[in-house]
Number of protein chains: 2
Amino acid sequence: MAKENFFTISELASMFDISSRTIRYYEEIGMLTSESRESLTMQRSYTNRERRRLKMILRGKKLGFSLQEIREMIDLYESNPEGEAEKSRIIEFADSKLKEIEEQIMQLQMLREDILTYKEKYENTRVKA
Amino acid sequence: MAKENFFTISELASMFDISSRTIRYYEEIGMLTSESRESLTMQRSYTNRERRRLKMILRGKKLGFSLQEIREMIDLYESNPEGEAEKSRIIEFADSKLKEIEEQIMQLQMLREDILTYKEKYENTRVKA
DNA sequence: AACTAAGCTAACGTTAACGTCAACTAGGAG
DNA sequence: CTCCTAGTTGACGTTAACGTTAGCTTAGTT
């Protein structure tokens, strides 16, 4: 019943308004994997799975994280902890990321307040001439 | 009555745990200005004014903005609009930045939720062996 | 058959944001 | 006076994240 959703590289690229080169680069550094290539044409093809992964990557970028940091967060999503040690290591990592994110949210809210303040200052300012 | 607060470059650097080179670089690209140099020794000196500016710059960086974007936002704080046209241009810029920031906050909150979800998933997972 | 569009690999180019290093100077400590 | 520390100006080096170009293949069109 699964819809046969396969995308070419340029289709996937235009979905997110990025270049094909960017997608190949993400694969190059192991952040994205293409389905097993058609062994004849060597063309990459993507499914919704990769589309979601790419979406996560781009969200991370918009938030100011490096590709390396994003990779670690995605690994978090996909990791399957073997043993209690790894499990708690993962949970610790998640907690530290959560703290970081909450701090970032706070800072953004402060920045927002600052800009609002200055904006209002201008709005109430009589302009010369 | 103003306290005589003058900092050397390395003092200012260590306040924020950055290098002197970074501060010189910010001056190089015109994001930071040092007080009129001692014309003899050519040494830079900074006041609380520059300290605040630097703090804003570093906050912007932590939030993922480029130095160029940060410069524009700081210009916003310091601009003194000449004429109605510029005034409304500035207000429009502020509004667009505010939208961007609010969007970013939303995305961060979603990311936070995602990580929380995955974290709980792991916490409730029995680990093999 | 000839052409065009889309994809591929390999490799070099580019920009932002500094790091690093060399060669110099000014100000104290001993 | 000598040495050490901290500062200065170039200028070249570095890394992440792609952009760009060349040379090749395959698939579909006229």
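## Two DNA strands and a two-chain interface

The residues of the surface near DNA strand C divide into five nonpolar, seven polar and five charged. This surface belongs to a predicted model, and 17 residues in total surround DNA strand C, the closest being A:Ser10, A:Arg37, A:Arg44, B:Ser19 and B:Tyr26. Both protein chains take part, since helix H1 (9–16) of chain A and helix H2 (20–28) of chain B each supply at least two residues of the surface near DNA strand C. H2(B) gives the most to that surface, with four residues. On the side of the nucleic acid, 73% of the atoms of DNA strand C within 4 Å of the protein belong to sugar or phosphate, and the rest belong to bases.

### The surface near DNA strand D

DNA strand D is likewise surrounded by 17 residues, of which A:Ser19, A:Tyr26, B:Ser10, B:Arg37 and B:Arg44 are the closest. Sugar and phosphate account for 73% of the atoms of DNA strand D that come within 4 Å of the protein. Helix H2 (20–28) of chain A and helix H1 (9–16) of chain B each supply at least two residues of the surface near DNA strand D, and the largest share, four residues, comes from H2(A). By residue class, the surface near DNA strand D consists of five nonpolar, seven polar and five charged residues.

### Polar pairs between side chains and DNA

The table lists some of the polar pairs between protein side chains and the two strands, with the computed distance for each.

| Residue | DNA atom | Distance |
|---|---|---|
| A:Ser10 | phosphate oxygen of DNA strand C | 2.5 Å |
| B:Thr22 | phosphate oxygen of DNA strand C | 3.3 Å |
| B:Lys61 | phosphate oxygen of DNA strand C | 3.1 Å |
| A:Ser19 | phosphate oxygen of DNA strand D | 2.6 Å |
| B:Ser10 | phosphate oxygen of DNA strand D | 2.5 Å |
| A:Arg21 | base oxygen of DNA strand D | 3.0 Å |

For A:Arg21 the partner is a base oxygen of DNA strand D, whereas for A:Ser19 the partner on DNA strand D is a phosphate oxygen.

### B:Ser34 in its loop

B:Ser34 is found in the loop between H2 and helix H3 (48–62) of chain B. Is B:Ser34 buried or exposed? B:Ser34 counts as buried because its relative accessibility is 15%, under the 20% limit that applies to protein chains only. The side chain of B:Ser34 makes a polar contact of 3.1 Å with the side chain of B:Glu27. Leaving out residues up to four places away in sequence, B:Ser34 touches B:Glu27, B:Arg44, B:Ser45 and B:Tyr46; of these, B:Arg44 is also among the closest residues to DNA strand D.

### The interface of chain B and chain A

The size of an interface is often given as the accessible area lost when the parts come together. Between chain B and chain A the buried area is about 4300 Å², and carbon and sulfur atoms give 68% of it. B:Tyr77, B:Leu108 and B:Tyr122 supply 17% of the area that chain B buries against chain A, more than any other three residues. The contact takes 43 residues from chain B and 44 residues from chain A.

Twelve residue pairs are in polar contact across the interface of chain B and chain A, with both residues at pLDDT 80 or more. The side of chain B that touches chain A draws at least two residues from each of H3, helix H4 (67–78) and helix H5 (84–123) of chain B, and H5(B) gives the most to this side, with 27 residues. The residues of that side divide into 20 nonpolar, seven polar and 16 charged.

### Salt bridges

Over all chains the structure holds 21 salt bridges, and the count between chain B and chain A is six. In one salt bridge the side chains of B:Asp114 and A:Arg59 meet at 3.2 Å, N to O. B:Asp114 lies in helix H5 of chain B and A:Arg59 in helix H3 (residues 48–62) of chain A, so the pair joins two chains. The burial of the two partners is described separately: B:Asp114 is partly exposed, with a relative accessible area of 28%, while A:Arg59 counts as buried at 13% relative accessibility.

Other salt bridges lie within a chain. A:Arg112 forms one with A:Glu113, the closest N and O atoms being 4.0 Å apart; A:Arg112 is partly exposed at 25% relative accessible area, and A:Glu113 is partly exposed at 42%. In chain B, B:Glu113 and B:Arg112 form a salt bridge whose closest N and O atoms are 4.0 Å apart. Finally, A:Glu69, A:Lys97 and A:Glu100 are linked in a network of salt bridges.

Definitions and conventions
Residues are numbered from 1 along each chain as its sequence is written. Chains are lettered from A and ligands numbered from 1 in the order in which they are written. This is a predicted model: local features need pLDDT of at least 70, side-chain atom pairs count only at pLDDT 80 or more; totals for chains, interfaces and linings use all residues. Side-chain values use heavy atoms; hydrogens and water are left out. A residue is near a molecule or strand if one of its heavy atoms lies within 4 Å of it. A polar contact is a pair of N or O atoms within 3.5 Å; within protein, one must be able to donate a hydrogen and the other to accept it, and residues adjacent in sequence count only if both atoms are side-chain atoms. Ala, Val, Leu, Ile, Met, Phe, Trp, Tyr, Cys and Pro count as nonpolar, Asp, Glu, Lys and Arg as charged, and the others, Gly among them, as polar. Buried means under 20% relative accessible area, exposed over 50%, partly exposed in between (1.4 Å probe, protein chains only). Contact means heavy atoms within 4.5 Å. Buried area is the accessible area (1.4 Å probe) that two parts lose on being put together, summed over both.
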